[in-house]
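Please open the model in your viewer and keep the sequence panel beside it. The tour below moves from one selection to the next and says what is found at each stop.

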Amino acid sequence: MVTIESTRSKLIKLLADAKESYISGQQLSEQLHISRTAIWKHMKELEKDGYVIEAKPKTGYRIKHFSENVSANTLKWGLNTSWLGKEIIHKSTVSSTQLVAHEAARTNAAHGTVIIADEQSSGRGRMDRVWHSKKGKGIWMSVILRPEIPPYMAPQLTLMTATAIADVLDQYDGINPKIKWPNDILIENKKVAGILTEMQAEQDRIQYVVIGMGLNVNQADNELPDAIHYRATSLRKETANEWQIITLVQQILQAMEAQYDTFLKRGFSEIKTKWESYGFRIGEKISYHQGRENKQAIFSGIAADGALLVELANGNKEKIYSAEIDWFVE
Ligand code: BT5
């Protein structure tokens, strides 16, 4: 399977590099070390993936139109990563990419395997909340990681992923992403993306982590369900443009791989600083419930273990792991 797919991406690369010119079947067969019949079969597969290929007798082949359909092949072509997304499982409809990912991880899927779907019938958030995942309108994707870190560090992976997504969105004019602790990405106070990290671990060793991310991309205003309409947004709503899902997925995977490598090599501190640069309401007053107590404090940043740090009126600092937070306090 690996060889078929890498031959296919090499084939697309050769055709793409040739731009408008044709490449003969002979030339392709020599460069890829496969028969001309095999080349022809690959071309038929590429057409199924949505590429438009022109075959001119006695001249050769060229790509007339690159595919905009999301598939494992179209996502891999042009993906500039060294380990993340080397294996991509694409499905048109699934219950939840998290479930598919857990199943794949249990049956030995490699570190860096990506599961992505056009649609989820039971997309989920934390604590079994619903995640709306309209067909073809967003990125509904889970990544399997096998990090050699102790389980208590796993929440840092959520923060790392949020930072990677924020970095990608931040490159675009007119988009000013904020990360709302711990896992929401907001644009203009509305949620555009959420992250769900799940882990299978023993006492001191992680077997695998599944990081799920949902990003609203091309929903029009009336395509966001009533239940979340006033709290959610999509990139299209924010910019009035249609976005290319393939490009965004590739950018997110590239950013995530880079951040993960930094995290393993140099620890959490760089990511923490970056996260804080996107932190929603940092330096501002928030109110939260701890047990029965209702407290107010300044949200001052995040701790090395991913907890939220607040500073109380008496100058004491406190770490909050989970609390009901009211983000808007005057
Ligand atoms: C999250 O949970 O934000 C994590 C979402 C993770 C979704 C991805 S998609 C791929 C993978 N497969 C899955 O099944 N899940 C992951 P949480 O912080 O609990 O937020 C859930 C809340 O966000 C809901 O209760 C709604 O209020 C809101 N919500 C639901 N769908 C939304 C959407 N499409 N856009 C914005 N907000 C949404």
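## Starting at a buried glycine

Select G125 to begin: its relative accessibility is 16%, so G125 counts as buried, where buried means under 20% relative accessible area, exposed over 50% and partly exposed in between, computed with a 1.4 Å probe on the protein chains only. What you have open is a predicted model, in which local features need pLDDT of at least 70, side-chain atom pairs count only at pLDDT 80 or more, and totals for chains, interfaces and linings use all residues. Residues are numbered from 1 along each chain as its sequence is written, and side-chain values use heavy atoms, with hydrogens and water left out.

G125 belongs to the loop between β4 (114-120) and β5 (138-145); helices (H or I, at least four residues) and strands (E, at least two) are DSSP runs, numbered from the N terminus. If you leave aside its neighbours within four places in sequence, G125 is in contact with V130, W131 and L196, contact being defined as heavy atoms within 4.5 Å.

While this loop is on screen, move to D128, which also lies in the loop between β4 and β5. With 64% relative accessibility, D128 counts as exposed, and its phi is near 60 degrees, a positive value in a residue other than glycine. Most residues other than glycine have a negative phi, and most peptide bonds are trans.

## The annotated binding site and the ligand

Next, select Q120, R124, G125, R126 and K191 together, where an unreviewed UniProt entry places the feature "binding site". UniProt positions are given in the numbering used here, feature names are shortened, and annotations may be inferred rather than shown by experiment.

Of this set, look at K191, which sits in strand β8 (residues 190-201) and is partly exposed, with a relative accessible area of 24%. Not counting residues up to four places away in sequence, K191 touches W131, D184, I185, L186, N216, R231, A232 and T233.

Now display the ligand with its surroundings: 28 residues surround it, and the closest are S96, R124, R129, K191 and N216, a residue being near a molecule or strand if one of its heavy atoms lies within 4 Å of it. Nine of the shell residues are nonpolar, 13 are polar and six are charged; here Ala, Val, Leu, Ile, Met, Phe, Trp, Tyr, Cys and Pro count as nonpolar, Asp, Glu, Lys and Arg as charged, and the others, Gly among them, as polar. Colouring by secondary structure will help, since α5 (97-106), β5, β8 and β9 (206-216) each supply at least two residues of this shell.

Which polar side-chain atom lies 2.7 Å from a nitrogen atom of the ligand? That atom belongs to N216, whereas a polar side-chain atom of K191 lies 2.8 Å from an oxygen atom of the ligand. From the backbone, a polar atom of R126 is 2.9 Å from a ligand oxygen. Taken alone the ligand exposes 800 Å², and the protein buries 93% of that, with accessible areas from the Shrake-Rupley method and a 1.4 Å probe; for residues, only the protein chains shown count as cover.

## Helix α6 and its contacts

Select residues 73-264, where the unreviewed UniProt entry places the feature "domain: BPL/LPL catalytic". This span is 29% helix and 28% strand, and its end C-alpha atoms lie 29 Å apart.

Then go to helix α6 (residues 154-170), in which Q156 lies and in which L157 is found as well. Q156 is buried at 4% relative accessible area, and L157 is buried at 0%. Beyond its neighbours within four places in sequence, Q156 is in contact with F263, F268, A304 and D305, while L157, with the same kind of neighbours left aside, is in contact with P147, I149, V209, I211, Y260 and F263.

## Last stops

Select W181 and P182, where the peptide bond from W181 to P182 is cis, with omega near -5 degrees; P182 lies in the loop between β6 (177-180) and β7 (184-187).

Finish at L309 in strand β12 (residues 308-311), which is buried with a relative accessible area of 19%. Apart from residues up to four places away in sequence, L309 touches I298, F299, S300, G301, I302, A303, E318 and K319. Measuring out to V100 with the distance tool spans 35 Å, C-alpha to C-alpha, for two residues that are 209 residues apart in sequence.

Methods:
Polar contact = N/O pair within 3.5 Å; in protein donor to acceptor, adjacent residues only side chain to side chain.
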